[in-house]
Amino acid sequence: MFENLSERLGASLRSLSGQGQLTEDNIRDTLREVRKALLEADVALPVVKDFTDQVKEQALGQEVLASLNPGQAFVKIVHDRLVSVMGEANEGLNLAVKPPAIILMAGLQGAGKTTSVAKLSRHLKERDKKKVMVVSADVYRPAAIEQLKTLAGEVGVEFFPSTADQDPVDIANAALGEAKRRFMDVLIVDTAGRLAVDEQMMAEIKRLHAAITPAETLFVVDAMTGQDAANTAAAFNEALPLTGVVLTKADGDSRGGAALSVRAITGKPIKFIGIGEKTDALELFHPERIASRILGMGDVLSLVEEAERKLDKDKAEKIAKKFKKGKAMDFEDLKDQFQQMRNMGGMASLLDKLPGMGGLAKMTEDQAAMKQFKHMEALIDSMTPAERRNPDLLKGSRKRRIAAGAGLEIQDLNRLIKQQKMMGKMMKKMKGKGGMQKMMRGMGGMMGGGGPGGMGGGGGMPPGFPGM
């Protein structure tokens with residue numbers, strides 16, 4: 001997420017970190033690079049100008065010039081300005097109204113509105129323990145109604161049926177009546193999108209808004225459209241009293257222009273950020289955490305929160321006990337780890353949230369590395385439960401059967417076995433004094449061979465990572 005911006009900003013700020021003091025000259029040179037990085041990230045020009053002006057003003061202040069580490073002080077100023085531009089702190093939904101609280105979702109076609117309705121309803125149901133009903137008022141795209149019905153079933157929330165020959169206001173009013181009758185906490189209304197902003201669309205959504213007076217009116221926008229996202233949000237904001245923005249497809253956005261422009265141009269907070277296709281891939285938008293990720297400082301708080309929600313605590317405890325006893329992790333454990341990793345969004349998602357690991361996260365997205373993961377999992381799936389629990393059973397004919405079952409070569413299985421043995425040695429090093437340091441040195445050796453996630457030379461940390 002925002003890899004290009006992160007890389008460019010990181011390079012420009014590193015050039016300043018070694019300086020003994022800040023001067024107008026070296027600040028000017030660094031700010032020129034920061035400006036380029038922001039413009040390349042498709043951040044709106046007025047936002048870039050204001051950003052660099054504010055940073056320059058603060059950087060030339062006496063506090064920074066007199067600090068012991070002016071480079072770090074400058075990085076902090078950039079971090080704080082990023083946070084300020086994106087909105088200081090997360091602004092959650094305001095649902096303190098007589099139930100059902102209505103949430104109206106608006107946006108252009110293709111921005112991910114219907115999927116976001118499902119994600120938001122799951123978020124409210126699972127994290128806030130709300131009774132949620134969803135309804136589609138998109139009468140121009142019949143598939144949208146069926147899509148929402150399917151997604152509502154997947155996430156386990158109530159779906160109010162509608163048809164393409166109905167008036168959107170009638171649909172919303174009927175859904176509201178049913179939501180009241182069934183004592184729902186929240187009613188989420190999906191609306192029609194267009195390929196571009198047009199008068200008919202705006203007139204219809206204004207009429208719908210006036211009829212149901214929602215507690216929240218959220219604008220759903222595709223992060224990959226860059227500063228166009230902010231401009232479209234501004235157009236909607238003129239027609240509707242928007243209360244916030246949902247930024248979708250952020251995992252595919254290497255630039256970050258939308259995240260840095262929307263708040264500044266519309267004055268409306270980004271409340272949620274979509275970081276994947278699955279219905280649980282919706283996060284509260286925390287400007288400080290996003291700024292930290294952009295600057296390569298990681299986002300440990302989000303990682304901890306995600307782990308609390310998604311990791312199987314029993315399995316984690318089982319592996320932790322093995323660590324303490326210095327027992328080797330078997331293939332059954334590795335299979336569990338693959339599942340845990342998927343639940344957490346994959347290795348790239350994990351590393352992206354760890355300080356200083358952003359570059360490694362990008363490397364793990366390499367197709368060859370991901371292919372290795374799939375091969376390893378296929379080999380483990382081809383084993384019997386007894387073979388997974390006792391790797392020493394894997395000899396001649398068993399190896400041939402497992403490799404054939406996975407559609408791979410025996411050499412692939414041998415590399416996996418070698419890796420499992422190396423991990424076993426590392427876990428034994430965990431016992432006794434200085435165990436963690438020994439294990440980290442061992443991991444460094446593993447990472448050296450075969451590239452990210454690779455198995456060449458016994459390399460590849462990823463499988464054991466989530467259980468640590």
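This report describes the overall make-up of a predicted model, and then its sheet, its strand 1 and its helix 8.

**Overall make-up**

The protein has 468 residues, of which 51% count as buried, and its secondary structure comes to 22 helices and 8 strands. Among the contacts between residues at least 6 apart in sequence, 74% join residues at least 24 apart. The area that the protein exposes is about 21300 Å², with carbon and sulfur atoms supplying 52% of it.

**The sheet**

The 8 strands form an open sheet in the order 3-2-4-1-5-6-7-8, and the pairing within it is mixed. Strand 3 and strand 8 (282-284) are the edge strands, each pairing on one side only. From one strand to the next the twist averages 25°. Three of the parallel pairings are set out below, each with one pair of bridge partners.

| Strand pair | Sense | Bridges | One pair of bridge partners |
|---|---|---|---|
| Strand 1 and strand 4 | parallel | 5 bridges | alanine 101 and valine 186 |
| Strand 1 and strand 5 (216-222) | parallel | 5 bridges | isoleucine 103 and glutamate 216 |
| Strand 6 (244-248) and strand 7 (270-274) | parallel | 3 bridges | valine 245 and isoleucine 270 |

**Strand 1 and the residue before it**

How many of the residues of strand 1 are buried? The count is 7 of the 7 residues, so strand 1 is largely enclosed by the rest of the structure. Both of its faces are covered, with Ala101, Ile103, Met105 and Gly107 buried on one side, and Ile102, Leu104 and Ala106 buried on the other. In the sheet order, strand 1 stands between strand 4 and strand 5, and it is joined to strand 4 by 5 bridges and to strand 5 by 5 bridges.

Proline 100 is found in the loop between helix 5 (70-86) and strand 1. Its relative accessible area is 7%, and because a residue counts as buried when that value is under 20%, proline 100 is buried. Leaving aside the neighbours of proline 100 within four places in sequence, the residues in contact with it are Leu176, Ala179, Lys180, Met184, Asp185, Val186 and Leu187. One of these, lysine 180, is 80 residues away from proline 100 in sequence, yet the two C-alpha atoms are 6.4 Å apart in space. Another of these contacts, Val186, is also the bridge partner of alanine 101 in strand 4.

**Helix 8**

Helix 8 covers residues 168-181, and because each residue is expected to add 1.5 Å, its 14 residues should span 20 Å, which agrees with the 20 Å between its end C-alpha atoms. At the start of the helix, a side-chain oxygen of aspartate 167 reaches to within 3.0 Å of the backbone nitrogen of valine 169. Beyond the other end, helix 8 is followed by phenylalanine 183, whose phi is positive, near 55°.

Which residues of helix 8 are buried? They are Pro168, Val169, Ile171, Ala172, Ala175, Leu176, Glu178 and Ala179. What covers them includes strand 1 (101-107), strand 2 (132-136), strand 3 (158-160), strand 4 (186-190) and helix 9 (199-212). Two of these buried residues, Leu176 and Ala179, are also among the contacts of proline 100.

Definitions and conventions
Residues numbered from 1 in each chain as written. Predicted model: local features only at pLDDT ≥ 70, side-chain atom pairs only at ≥ 80, totals over all residues. Heavy atoms only, no water. Helix = DSSP H or I, 4+ residues; strand = E, 2+ residues; numbered from the N terminus. Expected span 1.5 Å × (residues − 1). Buried < 20%, exposed > 50% of the residue type's maximum accessible area, 1.4 Å probe, protein only. Contact = heavy atoms within 4.5 Å. Polar contact = N/O pair within 3.5 Å; in protein donor to acceptor, adjacent residues only side chain to side chain. Pairing = 2+ DSSP bridges. Axes fitted to C-alpha atoms, helices over the stretch in contact; angles between N-to-C directions. Areas by Shrake-Rupley, 256 points an atom, 1.4 Å probe, with all protein chains shown as cover.
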